[in-house]
Amino acid sequence: MSGQSTPIGLFWAEFCENKIAVFALIIVVLMILLALFASIISPQNPYDLANLSLMDSRRPPGFVGSGGYTHVLGTDPQGRDLLSAIFYGLRISIQIGLAAGFVSLTIGTTLGILAAYVGGRIEALIMRLVDLQLSFPAILLALVIVALLGQGKAQLIGALVAAQYAYFARTAYGAAKAERGKDYIEAAVATPLSTRLVILRHLLPNCTPPLIVVATVQIANSISLEATLSFLGLGLPVTEPSLGMLISNGFPYMMSGRYWISVYPGVALIILIVAINIVGDQVRDQFNPRLRR
Amino acid sequence: MLGFIIQRFLQAVGVMAVMSVIVFCGVYAIGNPIDIVIPPEATEEIRQEAIRRLGLDRPLYEQYLIFLGNLLQGDLGRSFVYNIPVLELIGGRLPATLELVLISVISATVAGVTLGIYAGYRPDSWVAKTIMAVSVLGFSVPSFWVGLILILTFAVNLGWLPAGGRGDTVQIWGVEWSFPTVNGFSHIILPAINLALFKLAMMIRLARAGTREIMLTDTIKFARAAGLSEGTILRRHLLKLISIPIITVFGLELGSTLAFAVVTETIFSWPGVGKLIIDSIGVLDRPVMVAYLILVAFLFVTINFVIDLVFALIDPRVRHGASS
Amino acid sequence: MKFHKFLAPLALALGLSAAGAAAAQTLTMGVRGGPESMDPHFSALGPHAEAAKHIFDTLVWSGTDLQIEPGLATSWAPVDDDTWEFKLRQGVKFHDGSDFDAEDVKFSIERIPVVSGPTTTTIYVRRVAGVDIVDPHTIHIHTNGQAATLPNDFIRLFIVSSEAAANHSTPETAAEGFNSGAATIGTGPYKYVSWEPKGDLVLDRNDGYWRGKGAWERVIRKEIPNDSSRLAALKAGQVDVINYVSSVDYLALEKDANIDAIKGDSVYIMNLQLDQREDTPLVRAIDGSDLAENPFRDLKVRQAIDHAIDRETMVEIVLEGLGKPANQMMPPGFFGSSEQIPVPEYNPNKAKELLAEAGYPNGFEVDLYCTADRLPGDGAICQGLGQMLTQAGIKTNVNAISKTVYFPAQARLEYSMFMNGWGTLTGEASYTLGGLAHSKNPEVKLGAFNRIQYKNDDVDRLLQTGATMMDPDKRRATYEEAMEKVMADKAYISLVQLQTVWGAKAGMLELSPRFDEDTLAFFIKPAS
């Protein structure tokens with residue numbers, strides 16, 4: 001290994017050994033940039049109705065529309081440029097994935113560490129609930145909650161959080177529990193150090209590596225779950241399409257050969273999810289000491 | 001041991017009771033079915049009449065008590081839409097879901113374990129790397145998208161297999177099954193592949209991880225030192241050792257696949273329970289939603305209960321730990 | 001299709017599929033929706049009635065263009081202001097061989113309020129106060145006040161056998177009795193064999209049907225809700241005919257040599273509705289500030305909107321040819337449709353001029369709400385509408401949402417500009433204009449669906465007199481005049497009439513499309 005000696009430097013160096021993971025990371029970063037700058041790089045603002053023309057609708061890739069530019073990936077039934085719609089859809093999908101991921105991370109970690117730190121009845125109650133929920137399929141839970149809350153971004157994120165926080169809670173609990181049992185924490189608890197300090201200085205840092213792994217996987221899962229819900233017609237409103245919604249809108253056109261409306265957003269979605277998962281896999285392998293040889 | 005069983009059983013009953021309240025209140029908080037079951041052209045009189053017919057004019061707790069009373073007699077209510085007992089409705093569609101789920105979980109397990117063991121046994125071969133790449137894909141790609149591509153490729157473009165629906169059925173023990181007929185089996189292939197893919201990826205990973213860890217243990221080293229052939233090692237030691245977690249996961253997955261079939265059944269218009277629940281959410285057929293969720297909860301509580309028992313039988317520490 | 005137990009292995013061995021073995025005497029229909037029960041009185045939904053029409057008959061028959069014809073009743077006439085006399089057809093037999101008579105009609109009418117489900121069939125008998133049997137083939141029906149359109153109410157009033165259904169006429173016993181077939185005894189063209197909810201309805205021919213023998217010995221009505229799957233089943237030869245080919249697939253199907261696409265007009269017309277209250281919630285100036293008044297109360301604004309809409313493009317592009325431009329709330333030829341209403345003119349410049357004249361040179365902003373999952377193309381039409389209005393200067397935020405959210409909110413008057421389809425299911429104007437165009441007035445039971453608080457005193461007067469006119473010609477003229485006035489006010493702007501498409505194996509079937517979109521096996525013939 002190289003001369004870098006900080007833990008992060010070492011970690012990075014090891015990460016770079018896996019060329020596929022590096023490539024995947026580049027893709028993830030690239031897609032986030034595309035989403036961030038969607039409004040600048042898109043040939044068209046797909047949400048501005050004044051810009052759209054019905055005459056351009058459902059055109060195959062390569063069609064030069066009334067806007068004077070080429071629709072590289074074709075257009076959708078409303079005459080939207082699909083490339084632009086994908087950029088904007090990417091933005092919504094990533095937004096929802098990140099938001100759901102971070103909220104579940106916060107709630108889950110808090111519950112997990114609380115259970116591990118406090119112990120007793122609260123521990124039993126929280127973990128029994130978490131275990132029960134983990135055995136229940138996330139998709140079903142999200143489905144019911146979305147039906148319960150109605151359509152909209154906030155509602156969707158709420159459903160995703162409810163379906164996913166338990167993974168974080170379980171992970172944080174496991175790591176914190178293992179650490180809680182160690183003598184130095186017992187010692188720290190015995191000293192007049194504040195609870196907050198014990199948690200912040202000792203418990204939380206030890207939970208971080210496994211939580212990072214879970215977070216990457218869960219963000220990818222959120223994006224995929226959101227797409228699935230949108231596809232089932234329970235996601236966002238049709239006028240604000242995420243990638244899943246774009247796929248769903250294009251689905252009816254598959255039978256009549258107008259595949260591009262559904263296929264290209266799908267390709268974008270899959271590249272995103274696969275790339276995140278490959279990065280997550282590599283990080284997991286690096287954190288798992290048992291697989292080190 | 002008996003004390004442990006009783007304790008766990010009471011816990012399971014408690015969980016079911018809580019679930020029934022949560023599910024009931026949750027489902028009853030979703031929209032107003034009246035707005036959906038009656039046509040928008042209906043007058044106010046008709047509306048009031050319908051509310052009365054469905055018993056929606058009573059307060060929530062009264063509705064719940066009626067529901068609970070019926071539940072204890074094994075009656076889960078009548079569908080708003082079909083006016084037939086919900087159990088009959090679900091029961092009629094259960095075989096379709098069961099055959100789909102069983103075929104996909106079993107084939108995913110057989111294929112996944114075989115591939116996974118190989119990938120763990122020869123981790124650096126290109127075959128292993130391909131297997132792992134496939135598993136990453138299977139894990140990542142949303143199952144509805146795979147379904148779309150399967151339909152587009154095999155049904156629309158190639159025309160080899162039907163795009164959806166269930167095929168011809170035969171009666172076996174009074175239940176309609178479609179897999180024994182040629183036409184029925186051709187209908188089941190695509191949805192089964194669709195449903196199996198995620199499980200396949202999971203089984204590959206599980207078997208690979210298990211194999212890698214076990215191959216590094218002393219047991220295997222000693223077995224090799226004792227001059228046992230590789231085939232014998234794989235059969236005698238490896239399979240035995242990795243089978244326990246795989247059987248556990250198999251049990252758990254059977255349940256979650258039943259639930260996940262919702263997506264596959266929707267894409268392939270498979271007339272199973274999952275399609276029923278999606279349709280029922282669409283029309284807010286509350287009794288069907290409640291019954292389905294309660295049955296799923298019951299299934300999971302039962303599976304967990306059985307797993308707890310099995311573990312307790314295998315590992316005495318569990319039952320001591322739990323009762324202390 | 002079910003295999004007999006011991007035949008199944010044999011068929012398997014031979015590699016036969018059941019569909020392949022079936023003779024040409026069987027008609028297999030793939031339909032989008034199905035019945036909710038075998039009890040015809042359980043639900044008033046279209047697919048339910050469509051399935052019931054195979055087994056049961058009605059007193060009054062609604063023809064392909066929804067104009068009423070004799071059914072089990074051969075003639076009817078008002079006896080006095082609140083009594084109608086129906087003469088019943090003689091010699092008609094139920095599937096179990098028993099005779100049809102007035103007792104069965106009385107029984108059926110009185111059974112409905114008891115066994116009706118939530119989508120209530122009581123709408124068919126809402127004006128019936130009592131039934132008197134005059135003789136076995138004559139009945140008198142007493143109504144609550146004058147009921148000029150009573151025969152129209154009866155087009156889905158199915159007649160069941162008073163003997164077979166006697167023990168199956170409470171909410172608890174009805175479903176079991178009918179779903180098992182014990183009470184499913186009608187006088188219709190087909191006899192009940194078996195049914196599974198959301199599955200197949202299997203029927204055998206009634207050789208003694210009074211209209212004559214049907215063309216098919218056996219009919220299988222398969223429920224396939226997904227549009228793509230239904231089409232795939234037709235292409236794969238699993239079914240002979242399907243209904244509701246989606247507009248998405250229609251063009252491709254027209255070019256397909258193996259499939260006949262049969263296009264028919266539907267009763268559904270998409271109407272844009274503009275709130276007429278002084279204060280309307282979802283309208284604002286372009287800069288977000290409040291407007292001094294509701295712009296939709298200004299006729300010039302409403303005319304501008306009408307001119308901004310390109311109905312041809314709507315039909316050709318959005319619906320891919322599957323519709324017709326509409327200029328009024330009912331299809332042409334319906335009782336009360338007017339031929340005097342001009343064809344709307346698409347003229348975006350004129351729209352802008354009118355807006356400027358009305359005091360909105362820079363336009364304004366509005367939230368448009370529509371259903372996205374109720375009728376074919378509703379969401380797409382809505383989004384297209386948003387484009388057209390925005391390009392004419394009215395900045396439109398499109399909200400195409402689920403009908404389960406839309407209708408309750410619409411009923412609470414939460415919208416300013418909204419669009420949904422309306423189907424004139426009875427084929428005459430009292431239903432449509434009475435519900436939508438009369439000012440809301442529960443006392444005279446009119447205006448129940450007027451969700452824009454539209455009020456035109458002339459229209460109100462015409463509709464109230466029309467409802468009591470027993471002379472059909474005068475009544476028709478009255479409703480035509482009302483329709484002309486409503487459409488000139490442009491608070492309701494009709495956009496397109498939807499069309500439906502049936503798909504059938506090429507050259508195999510003859511099918512004449514019905515306005516109510518029913519797919520009825522008896523009226524489908526093998527191609528000659």
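**Strands, a core and a chain contact in a predicted model**

In this predicted model, Lys87(C) has Thr138(C) in E8(C) as its bridge partner.

Me: What makes strand E6 (residues 83–88) of chain C and strand E8 (residues 138–143) of chain C a pair?

Reply: Happily, this is a matter of counting bridges. Two strands pair if at least two bridges are found between them. 5 bridges join E6 to E8 in chain C, and the two run antiparallel, so they count as a pair.

Me: Why are strand E5 (73–80) and strand E7 (128–135) of chain C called edge strands?

Reply: Each of them pairs on one side only. They belong to an open sheet of 4 strands in chain C with the order E5-E6-E8-E7 and antiparallel pairing. From one strand to the next, the twist averages 20°. Helix H4 (residues 102–115) of chain C packs on this sheet and touches E6, E7 and E8 of chain C.

Me: How do you know that helix H4 of chain C and E7(C) point in nearly opposite directions?

Reply: Their directions make about 170°. Angles run from 0 to 180 degrees between N-to-C directions, so a value close to the upper end means nearly opposite.

Me: What makes Ile139(A) a contact of Phe260(B)?

Reply: The cut-off is C-beta atoms within 7 Å. Phe260(B) is listed among the contacts of Ile139(A), as are Leu225(A) and Val263(B), so each of these pairs lies within 7 Å by C-beta atoms. Ile139(A) is also one of the residues with the most contacts inside the largest nonpolar core, which has 318 residues. The largest share of this core, 17 residues, comes from helix H4 (residues 82–118) of chain A.

Definitions and conventions
Residues numbered from 1 in each chain as written. Chains lettered and ligands numbered in written order. Predicted model: local features only at pLDDT ≥ 70, side-chain atom pairs only at ≥ 80, totals over all residues. Core = buried A, V, L, I, M, F, W, Y, C linked by C-beta atoms within 7 Å. Buried ≥ 20, exposed ≤ 12 C-beta atoms within 10 Å, placed from the backbone. Contact = placed C-beta atoms within 7 Å. Lists of a residue's contacts leave out its neighbours within four places in sequence.
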